[in-house]
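Subject: Handover of a structure and notes on its contents

Dear colleague,

Please find below the structure that I am passing on to you. I would be grateful if you would read the notes that follow with the structure open beside them.

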Amino acid sequence: TKTFDVTVLAETAEAFLNRIGTSIIIDSSDSIVTDFELPSTAQGATITWVSSNEDMVEISAAVNEDGLYEVTVTRPKAEDGGVNTSVTLTATLAIGEVSVTVDKSVRIIAEPLAKVYESFETLHNTAIINEYVDLTGVVYAKFKLGYFMTDGDGHYIAIYTTESNASEVAVGDEVRIKGKYAVYNTLYQISSLTFQEVLSSDNDLNVTPVVCEDATDLLDVDSSDRLIHGQIYTITVTPQLRGSYNNVYLFAGETQVATVYYNASAASIDALEEVVGKVVTIDVVY
């Protein structure tokens, strides 16, 4: 048996901070198309960030409730001649009086050219799933994570987006959007919005509800018809709360004719809950 004495060299603060900086990974850094987040701390070190192009990659001044910096990405627009662009994010890592800087590169992917549709009927009849589209319409109904628009010619489209985007538009607003033509279950919609602009407000809605003398007529609606979705129906029903989450269901007698989407307007759901068990006449967006 022989004993060896060894000396373990202490890691310098600079080396430690550089190692932390090197270990920071930004997901999909070579193909950024959406907003993302950056850490403010790691292994006892504090981290601050600076963007080399704040017009394209803007970092929040303060951290969110999760201790992360929120990064807002503005993609170059192909119609403006924009191309994929690399942006340098400089992280300053500090422990006590010692600090180091580490650069991280992200590549912002330019938006593709969007196909302009002036008619929602043409959109539904010819657009393919995931096609990038540009359209303008008037908002006539809202829900928590989006809204419905009409082109004024009796055709409609659902817009599925973020709660923040949805809060920025009001019923009666004329809105231009860009996003992907998509489908969720049987609802054809525009999702993954990259652009939203309110052009004007207080416009006429030009939406006429279809009156159902018998609410069970909703069960005969052909949900595979893309042009049906977004239509407003006037029905007489009895709201009921069912299931462990007390979801709202609409009944005509003993027949369930509809389920109210849990992301529907909170005020509308509250109003329905106040009349549970009563016969009421309401407007619903199919």
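The notes below cover the pockets, one lysine residue and the aromatic rings. Please bear in mind throughout that this is a predicted model.

Pockets

The largest pocket has a volume of about 1,300 Å³. Its lining comprises 35 residues, and those nearest the centre are Thr259, Val260, Tyr261, Val285 and Tyr286. Six elements each supply at least two residues of this lining: the strands β9 (132–143), β11 (156–160), β13 (187–200), β17 (255–259) and β18 (280–285), together with helix α4 (266–273). Sorted by class, the lining of the largest pocket holds 24 nonpolar, 9 polar and 2 charged residues.

The second largest pocket encloses about 830 Å³. It is lined by 24 residues, with Asp35, Val73, Asn165, Leu193 and Thr194 closest to its centre. Two or more lining residues come from each of β5 (68–73), α3 (163–167) and β13. Of these, β13 gives the most, with 5 residues. The class composition here is 7 nonpolar, 10 polar and 7 charged residues. Strand β13 therefore deserves a look in both places, because it appears among the elements lining the largest pocket as well as the second largest.Lys178

Lys178 belongs to strand β12 (residues 174–184). Is this residue buried or exposed? Lys178 is buried, because its relative accessible area is 2%, and the cut-off for burial is under 20%. Leaving aside residues up to four places away in sequence, Lys178 is in contact with Lys77, Glu79, Glu111, Ala114, Tyr132, Val133, Asp134, Ser192, Leu193, Thr194 and Phe195. With the last of these, Phe195, there is also a charge-over-ring arrangement: Lys178 lies over the face of the ring, at 5.3 Å from its centre. Lys2 is likewise placed over the face of Phe4, at 5.7 Å from the ring centre.

Aromatic rings

The model contains 7 aromatic pairs. One of them joins Tyr140 and Phe148, whose ring centres are 6.2 Å apart and whose planes meet at 45°, so the pair counts as tilted. Both Tyr140 and Phe148 are buried. These two residues also belong to one aromatic cluster, together with Phe143, Tyr156, Tyr261 and Tyr262. Tyr261 of this cluster is also one of the residues that lie nearest the centre of the largest pocket.

With kind regards

Definitions and conventions
Residues are numbered from 1 along each chain as its sequence is written. This is a predicted model: local features need pLDDT of at least 70, side-chain atom pairs count only at pLDDT 80 or more; totals for chains, interfaces and linings use all residues. Side-chain values use heavy atoms; hydrogens and water are left out. On a 1 Å grid over the protein atoms alone, a cavity is a set of points where a 1.4 Å probe fits but cannot get out, and a pocket is an open set with protein on both sides within 12 Å along at least five of seven lines; lining residues have an atom within 4 Å of a point. Grid points are joined across faces, edges and corners, and a volume is the space filled by probe spheres set on the points. Helices (H or I, at least four residues) and strands (E, at least two) are DSSP runs, numbered from the N terminus. Ala, Val, Leu, Ile, Met, Phe, Trp, Tyr, Cys and Pro count as nonpolar, Asp, Glu, Lys and Arg as charged, and the others, Gly among them, as polar. Buried means under 20% relative accessible area, exposed over 50%, partly exposed in between (1.4 Å probe, protein chains only). Contact means heavy atoms within 4.5 Å. Rings of Phe, Tyr and Trp (its six-membered ring) pair if their centres lie within 6.5 Å; planes under 30 degrees apart count as stacked, over 60 as edge-to-face and the rest as tilted. A charge sits over a ring if NZ of Lys or CZ of Arg is within 6 Å of the ring centre and within 35 degrees of the ring normal.
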